Amino acid sequence: MEQFAHGLADFVRAHQTWAAPIVFVLAFGESLAFISLLIPAWGALVAIGALIGASGISFYPVWIAGGIGAALGDWVSYWFGYRYKEQVAQMWPLSRYPELLPRGEAFVRSWGVPSIFIGRFFGPLRASVPLAAGIFEMPYWSFQAANFVSALIWSAALLLFGDVIAKIMEWIWGVV
(Lines give C-alpha, C1' and ligand atoms only; values in the text may rest on other atoms or scores of the structure.)
Protein backbone atom coordinates (compact mmCIF):
# COMPACT_ATOMS: atom_id res chain seq x y z
CA MET A 1 0.00 0.00 0.00
CA GLU A 2 2.80 2.41 0.87
CA GLN A 3 4.45 1.83 -2.52
CA PHE A 4 1.09 2.51 -4.23
CA ALA A 5 0.67 5.79 -2.31
CA HIS A 6 4.20 6.93 -3.15
CA GLY A 7 3.81 5.99 -6.82
CA LEU A 8 0.57 7.94 -7.09
CA ALA A 9 2.06 10.91 -5.28
CA ASP A 10 5.03 10.89 -7.68
CA PHE A 11 2.65 10.78 -10.65
CA VAL A 12 0.62 13.69 -9.25
CA ARG A 13 3.81 15.67 -8.57
CA ALA A 14 4.78 15.25 -12.24
CA HIS A 15 1.25 15.73 -13.63
CA GLN A 16 -0.49 18.20 -11.33
CA THR A 17 -3.51 18.62 -13.60
CA TRP A 18 -4.44 15.02 -12.73
CA ALA A 19 -4.56 15.71 -8.97
CA ALA A 20 -8.31 16.44 -8.74
CA PRO A 21 -9.47 13.54 -10.98
CA ILE A 22 -7.18 11.09 -9.15
CA VAL A 23 -8.39 12.29 -5.75
CA PHE A 24 -11.99 11.97 -6.97
CA VAL A 25 -11.44 8.33 -8.00
CA LEU A 26 -9.54 7.48 -4.80
CA ALA A 27 -12.18 9.05 -2.55
CA PHE A 28 -14.98 7.34 -4.49
CA GLY A 29 -13.26 3.96 -4.13
CA GLU A 30 -12.44 4.56 -0.47
CA SER A 31 -16.10 5.30 0.25
CA LEU A 32 -17.68 2.65 -1.97
CA ALA A 33 -18.83 -0.46 -0.14
CA PHE A 34 -16.95 -3.60 -1.16
CA ILE A 35 -14.12 -1.71 -2.88
CA SER A 36 -13.01 0.11 0.26
CA LEU A 37 -12.59 -3.24 2.03
CA LEU A 38 -10.16 -4.38 -0.65
CA ILE A 39 -8.16 -1.25 -1.47
CA PRO A 40 -7.96 1.39 1.25
CA ALA A 41 -6.93 4.59 -0.50
CA TRP A 42 -6.59 6.94 2.48
CA GLY A 43 -2.77 6.66 2.45
CA ALA A 44 -2.64 7.86 -1.15
CA LEU A 45 -5.01 10.72 -0.31
CA VAL A 46 -2.77 11.81 2.57
CA ALA A 47 0.30 11.54 0.30
CA ILE A 48 -1.36 13.72 -2.33
CA GLY A 49 -2.33 16.16 0.42
CA ALA A 50 1.36 16.40 1.29
CA LEU A 51 1.99 17.73 -2.22
CA ILE A 52 -0.50 20.58 -1.94
CA GLY A 53 1.79 23.04 -0.19
CA ALA A 54 5.05 21.56 -1.45
CA SER A 55 4.29 21.62 -5.17
CA GLY A 56 1.75 24.41 -5.52
CA ILE A 57 -1.28 22.25 -6.29
CA SER A 58 -4.43 24.26 -5.61
CA PHE A 59 -6.22 22.94 -2.52
CA TYR A 60 -9.81 23.81 -3.44
CA PRO A 61 -10.30 21.78 -6.64
CA VAL A 62 -8.62 18.74 -5.06
CA TRP A 63 -10.66 19.13 -1.86
CA ILE A 64 -13.97 19.45 -3.76
CA ALA A 65 -13.07 16.48 -5.99
CA GLY A 66 -12.33 14.37 -2.90
CA GLY A 67 -15.53 15.43 -1.18
CA ILE A 68 -17.72 14.74 -4.19
CA GLY A 69 -16.00 11.40 -4.86
CA ALA A 70 -16.51 10.31 -1.25
CA ALA A 71 -20.14 11.44 -1.19
CA LEU A 72 -20.91 9.64 -4.46
CA GLY A 73 -19.27 6.45 -3.16
CA ASP A 74 -21.51 6.52 -0.08
CA TRP A 75 -24.52 7.45 -2.21
CA VAL A 76 -24.00 4.34 -4.36
CA SER A 77 -23.48 2.24 -1.23
CA TYR A 78 -26.71 3.59 0.29
CA TRP A 79 -28.60 2.85 -2.92
CA PHE A 80 -27.12 -0.65 -3.09
CA GLY A 81 -28.20 -1.36 0.48
CA TYR A 82 -31.65 0.12 -0.14
CA ARG A 83 -32.08 -1.89 -3.34
CA TYR A 84 -30.72 -5.27 -2.24
CA LYS A 85 -31.48 -5.20 1.52
CA GLU A 86 -30.44 -8.37 3.38
CA GLN A 87 -29.07 -10.00 0.20
CA VAL A 88 -26.04 -7.75 0.60
CA ALA A 89 -24.75 -9.83 3.54
CA GLN A 90 -24.42 -12.89 1.27
CA MET A 91 -22.36 -11.04 -1.34
CA TRP A 92 -18.59 -11.20 -1.50
CA PRO A 93 -16.59 -9.68 0.19
CA LEU A 94 -19.12 -8.94 2.96
CA SER A 95 -19.87 -12.65 3.20
CA ARG A 96 -16.26 -13.02 4.39
CA TYR A 97 -16.74 -10.31 7.05
CA PRO A 98 -20.13 -11.22 8.54
CA GLU A 99 -19.66 -8.92 11.55
CA LEU A 100 -19.49 -5.70 9.51
CA LEU A 101 -23.15 -5.26 8.61
CA PRO A 102 -24.55 -6.06 12.09
CA ARG A 103 -22.03 -3.59 13.54
CA GLY A 104 -23.07 -1.02 10.95
CA GLU A 105 -26.76 -1.64 11.65
CA ALA A 106 -26.32 -1.28 15.41
CA PHE A 107 -24.31 1.87 14.86
CA VAL A 108 -26.88 3.43 12.50
CA ARG A 109 -29.80 2.51 14.77
CA SER A 110 -28.03 3.88 17.86
CA TRP A 111 -26.68 7.11 16.43
CA GLY A 112 -29.00 7.92 13.51
CA VAL A 113 -27.85 10.74 11.21
CA PRO A 114 -24.65 11.45 13.22
CA SER A 115 -23.60 7.85 12.41
CA ILE A 116 -22.94 9.00 8.85
CA PHE A 117 -20.47 11.62 10.12
CA ILE A 118 -18.81 9.31 12.63
CA GLY A 119 -18.69 6.33 10.26
CA ARG A 120 -16.92 8.38 7.59
CA PHE A 121 -13.84 8.65 9.81
CA PHE A 122 -13.51 4.99 10.89
CA GLY A 123 -12.30 2.46 8.30
CA PRO A 124 -14.48 -0.61 8.91
CA LEU A 125 -17.55 1.53 9.59
CA ARG A 126 -16.94 3.59 6.46
CA ALA A 127 -17.76 0.53 4.35
CA SER A 128 -20.80 -0.63 6.29
CA VAL A 129 -22.62 2.47 7.56
CA PRO A 130 -23.98 3.68 4.18
CA LEU A 131 -25.02 0.12 3.30
CA ALA A 132 -26.74 -0.26 6.66
CA ALA A 133 -28.40 3.14 6.27
CA GLY A 134 -29.82 2.00 2.93
CA ILE A 135 -30.83 -1.45 4.15
CA PHE A 136 -32.67 -0.01 7.13
CA GLU A 137 -34.08 2.87 5.08
CA MET A 138 -32.65 5.89 6.83
CA PRO A 139 -34.58 8.86 5.38
CA TYR A 140 -32.98 9.68 2.04
CA TRP A 141 -32.52 13.44 2.46
CA SER A 142 -31.22 13.09 6.00
CA PHE A 143 -28.66 10.60 4.75
CA GLN A 144 -27.63 12.77 1.80
CA ALA A 145 -27.22 15.94 3.87
CA ALA A 146 -24.98 14.14 6.37
CA ASN A 147 -23.23 12.31 3.53
CA PHE A 148 -22.18 15.41 1.56
CA VAL A 149 -21.23 17.54 4.56
CA SER A 150 -19.20 14.74 6.16
CA ALA A 151 -17.54 13.91 2.82
CA LEU A 152 -16.29 17.48 2.44
CA ILE A 153 -15.00 17.53 6.02
CA TRP A 154 -13.35 14.11 5.57
CA SER A 155 -11.68 15.15 2.31
CA ALA A 156 -10.34 18.36 3.85
CA ALA A 157 -9.10 16.49 6.93
CA LEU A 158 -7.12 13.91 4.93
CA LEU A 159 -5.63 16.41 2.51
CA LEU A 160 -4.75 18.93 5.23
CA PHE A 161 -3.28 16.16 7.39
CA GLY A 162 -0.94 15.29 4.52
CA ASP A 163 -0.08 18.95 4.02
CA VAL A 164 0.69 19.45 7.73
CA ILE A 165 2.83 16.29 7.85
CA ALA A 166 4.80 17.51 4.81
CA LYS A 167 5.37 20.91 6.44
CA ILE A 168 6.55 19.28 9.67
CA MET A 169 8.92 16.97 7.76
CA GLU A 170 10.27 19.91 5.79
CA TRP A 171 10.76 21.95 8.94
CA ILE A 172 12.49 19.14 10.85
CA TRP A 173 14.48 17.38 8.15
CA GLY A 174 14.24 19.54 5.07
CA VAL A 175 12.41 16.66 3.32
CA VAL A 176 9.50 16.97 0.90
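**Notebook: helices, a cavity and a pocket**

I looked up Asn-147 and found it in helix H9 (residues 140-173). For helices I used DSSP runs of H or I with at least four residues, for strands runs of E with at least two, numbered from the N terminus. The model is predicted, so I kept local features only at pLDDT of at least 70 and side-chain atom pairs only at pLDDT 80 or more, while totals for chains, interfaces and linings use all residues. Residues are numbered from 1 along each chain as its sequence is written, and side-chain values use heavy atoms, with hydrogens and water left out.

**Asn-147 and its segment**

Is Asn-147 buried or exposed? I noted it as buried because its relative accessibility is 0%. My cut-offs were under 20% relative accessible area for buried, over 50% for exposed and partly exposed in between, with a 1.4 Å probe and protein chains only. I then listed the contacts of Asn-147, leaving aside neighbours within four places in sequence: Ala-70, Ala-71, Asp-74, Trp-75, Ile-116 and Arg-120. Contact here means heavy atoms within 4.5 Å.

I checked the UniProt record, an unreviewed entry, which places the feature "transmembrane region" at residues 21-54 and 143-161. UniProt positions are given in the numbering used here, feature names are shortened, and annotations may be inferred rather than shown by experiment. Over residues 143-161 I read 100% helix and 0% strand, with the end C-alpha atoms 26 Å apart.

I also looked at Pro-21, which lies in helix H2 (residues 19-31). Pro-21 is partly exposed, because its relative accessible area is 36%. From Pro-21 to Ala-145 I counted 124 residues in sequence and 23 Å in space, C-alpha to C-alpha.

**Ser-115 and Ala-133**

Ser-115 sits in helix H7 (residues 114-120). I entered Ser-115 as buried, because its relative accessibility is 0%. What does the side chain of Ser-115 have at 2.5 Å from one of its polar atoms? I found the backbone oxygen of Gly-112 there. A polar contact is a pair of N or O atoms within 3.5 Å; within protein, one must be able to donate a hydrogen and the other to accept it, and residues adjacent in sequence count only if both atoms are side-chain atoms. Beyond four places in sequence, Ser-115 is in contact with Phe-107, Val-108, Val-129 and Met-138.

Next I took Ala-133, in helix H8. Ala-133 also went down as buried, because its relative accessibility is 0%. Not counting residues up to four places away in sequence, Ala-133 touches Tyr-78, Val-108, Ile-116, Met-138 and Phe-143. Ala-133 and Leu-94 are 39 residues apart in sequence and 16 Å apart in space, C-alpha to C-alpha.

**Lys-85 and Glu-137**

I placed Lys-85 in the loop between helix H5 (59-84) and H6. Which residues does Lys-85 touch, not counting those up to four places away in sequence? I listed Phe-80, Gly-134, Ile-135 and Glu-137. Lys-85 and Ile-135 are 4.6 Å apart in space, C-alpha to C-alpha, with their places 50 residues apart in sequence. The side chain of Lys-85 reaches the backbone oxygen of Tyr-82 at 3.1 Å.

Glu-137 is in the loop between H8 and H9. I noted its phi near 55°, a positive value in a residue other than glycine. Glu-137 is partly exposed, with a relative accessible area of 45%.

**Cavity**

I searched the whole structure and found one cavity of 30 Å³ or more. On a 1 Å grid over the protein atoms alone, a cavity is a set of points where a 1.4 Å probe fits but cannot get out, and a pocket is an open set with protein on both sides within 12 Å along at least five of seven lines; lining residues have an atom within 4 Å of a point. Grid points are joined across faces, edges and corners, and a volume is the space filled by probe spheres set on the points.

The largest cavity holds about 30 Å³. I read its lining as Asp-74, Ile-116, Gly-119, Arg-120, Leu-125, Arg-126, Val-129 and Pro-130. H7 and helix H8 (123-135) are the elements that give two or more residues to this lining. The largest share, four residues, comes from H8. By class I entered four nonpolar, one polar and three charged residues. Ala, Val, Leu, Ile, Met, Phe, Trp, Tyr, Cys and Pro count as nonpolar, Asp, Glu, Lys and Arg as charged, and the others, Gly among them, as polar.

**Pocket**

The second largest pocket has a volume of about 160 Å³. Of its 13 lining residues, I noted Glu-86, Ala-89, Pro-98, Leu-101 and Pro-102 as the closest to its centre. Helix H6 (residues 100-111) gives the most to this lining, with four residues.
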